[in-house]
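User: I am new to this structure and would like to go through it step by step. Please show it before we start.

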Amino acid sequence: IFYNIGKLGKYYKSMSFINQKIKESKADRVINFYELLVGLTYALYRPTIPYICIGHQYLFLHPDFVFPKKNKFELAGLKFFTHLTCLRASKLLALSFVEMPNAKRIIVVPPLIRKEVLNKESVPGDYILGYMVNSGFSVEIVAWHKQNKEIKLHFFWDKKEESEETVIDENLVFHQLNDVTFLNYMAGCQAYASTGGFESICEAMYLKKPVMMVPAHIEQECNAFDAMNAGAGVVSPTFNLTTLTNYLLSYKPNNAFIEWIKKAESLFISNLSA
């Protein structure tokens, strides 16, 4: 964060460009999806067009948000960065797993879930689906698989040098990232294992799939802790899938989340137009 602030001079041209485009647009509203330069542009140039910020991260500024017991300096830095992205914003639409009261300019709204997921039929499956931001986690998956050969695993990774599918054996396959293929596997899996990315957790909750979250950084630590409290699943420091298979015995879908999602369109329309 402080490194970025120190590089503010290099960002000056970008902020000038953003400010000029805002003026030329003659828009009624500017929407910012957690972009630092937009917040800094409004602080420096003070465009007259009001803007609204949208993101799960704005829930970190809500007085009722519960943080995990992690490094206080990292948490303070995360909140500080979040403040910078929304300087002079008229509203903060905070995407939340659960309904919460609004707080000043923070409006709590449901997550944004793509239509492809909303229209997807969820079916019971016999395999665990996984997604790894860092392909290095595959070492943990392979090690666990050697001790649990009978459990089917399909994991997606971003390992460019590998083929579309890397078949370890009949019960362990690594797939290259593909949005359509991933969603098809999500709809038919038994459970889902991933880092703490907000969007895929929401999709798993909507499709009633239990989740194991292995956070890769402080923001994902907060997402995962929040999702766990909302009944999405469990948090683990590693991709030890035994944690997930044990959790399956007690998992209950959060049906309130489904109803919360149904309110998304009306809440967004009312808050973006007001």
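The questions and answers below go through helices, strands and empty spaces in turn.

User: Is helix α3 largely enclosed or largely open, and what is the reason?

Analyst: The model is a predicted one. Helix α3 covers residues 36-44, and 7 of its 9 residues are buried. Buried residues are those under 20% relative accessible area. Because 7 of the 9 are buried, the rest of the structure leaves α3 largely enclosed.

User: Which residues of α3 are buried?

Analyst: They begin with Leu36 and Leu37 and continue through Val38 and Gly39. The remaining ones are Leu40, Thr41 and Tyr42.

User: Which residue caps the N-terminal end of α3?

Analyst: The cap comes from a side-chain oxygen that lies 3.0 Å from the backbone nitrogen of Leu37. A polar contact needs a pair of N or O atoms within 3.5 Å. The residue that supplies this oxygen is Glu35.

User: What is the phi of Arg46, which follows α3?

Analyst: Arg46 comes after helix α3. Its phi is positive, near 55°.

User: Is Ser25 buried, partly exposed or exposed?

Analyst: Ser25 is found in helix α2, residues 8-25. Its relative accessible area is 41%. Buried means under 20% and exposed means over 50%, with partly exposed in between. Ser25 is therefore partly exposed.

User: Which backbone oxygen does the side chain of Ser25 reach, and how far is Ser25 from Cys202?

Analyst: The side chain of Ser25 reaches the backbone oxygen of Ile22 at 2.7 Å. Ser25 and Cys202 are 177 residues apart along the chain. Their C-alpha atoms are separated by 33 Å.

User: In what order do the 4 strands of the open sheet lie, and which are the edge strands?

Analyst: The pairing in this sheet is parallel, and the order is β1-β2-β3-β4. An edge strand pairs on one side only. The twist averages 25° from one strand to the next. The edge strands are β1 (30-32) and β4 (106-109).

User: Which residue of β4 stands opposite Leu95?

Analyst: Strand β3, residues 91-95, is joined to β4 by 4 bridges, and the two run parallel. The residue of β4 that stands opposite Leu95 is Val109.

User: Which strands pair with β5?

Analyst: Strand β5 spans residues 127-131 and is largely enclosed by the rest of the structure, because 4 of its 5 residues are buried. It pairs in the parallel sense over 5 bridges with β6, residues 152-157, where Tyr131 stands opposite Phe156. In β9, the bridge partner of Ile128 is Ala191. The pairing with β9 (residues 191-194) is parallel over 4 bridges, so the strands asked for are β6 and β9.

User: How many residues does the hairpin between β7 and β8 pass through?

Analyst: Strand β7 (residues 165-169) and strand β8 (residues 172-176) run antiparallel and are joined by 4 bridges. Across this pairing, Glu165 stands opposite His175. The hairpin joins β7 to β8 through 2 residues.

User: What volume does the largest cavity have, and which residues line it?

Analyst: The structure holds 1 cavity of 30 Å³ or more. The space in the largest cavity is about 30 Å³. By class, its lining divides into 3 nonpolar, 2 polar and 1 charged. The lining residues are Met205, Lys209, Gly231, Ala232, Tyr251 and Asn254.

User: Which element supplies the largest share of the lining of the largest pocket?

Analyst: The largest pocket has a volume of about 310 Å³. Its lining has 19 residues, with Tyr131, Phe182, Glu199, Ser200 and Glu203 nearest the centre. At least two lining residues each come from α7 (179-188), β9 and α8 (198-206). The largest share, 4 residues, comes from α8.

User: Which residues lie nearest the centre of the second largest pocket?

Analyst: This second largest pocket has a volume of about 230 Å³. Its lining has 7 nonpolar, 8 polar and 2 charged residues, and β2 (51-55), α8 and α9 (218-229) each supply at least two residues. Of the 17 lining residues, those nearest its centre are His56, Gln57, Leu95, Phe198 and Glu199.

Notes
Residues numbered from 1 in each chain as written. Predicted model: local features only at pLDDT ≥ 70, side-chain atom pairs only at ≥ 80, totals over all residues. Heavy atoms only, no water. Buried < 20%, exposed > 50% of the residue type's maximum accessible area, 1.4 Å probe, protein only. Polar contact = N/O pair within 3.5 Å; in protein donor to acceptor, adjacent residues only side chain to side chain. Axes fitted to C-alpha atoms, helices over the stretch in contact; angles between N-to-C directions. 1 Å grid on protein atoms, 1.4 Å probe; cavity = no way out; pocket = protein on both sides within 12 Å on 5 of 7 lines; lining within 4 Å. Points joined across faces, edges and corners; volume = space filled by probe spheres on them. Nonpolar A, V, L, I, M, F, W, Y, C, P; charged D, E, K, R; others polar.
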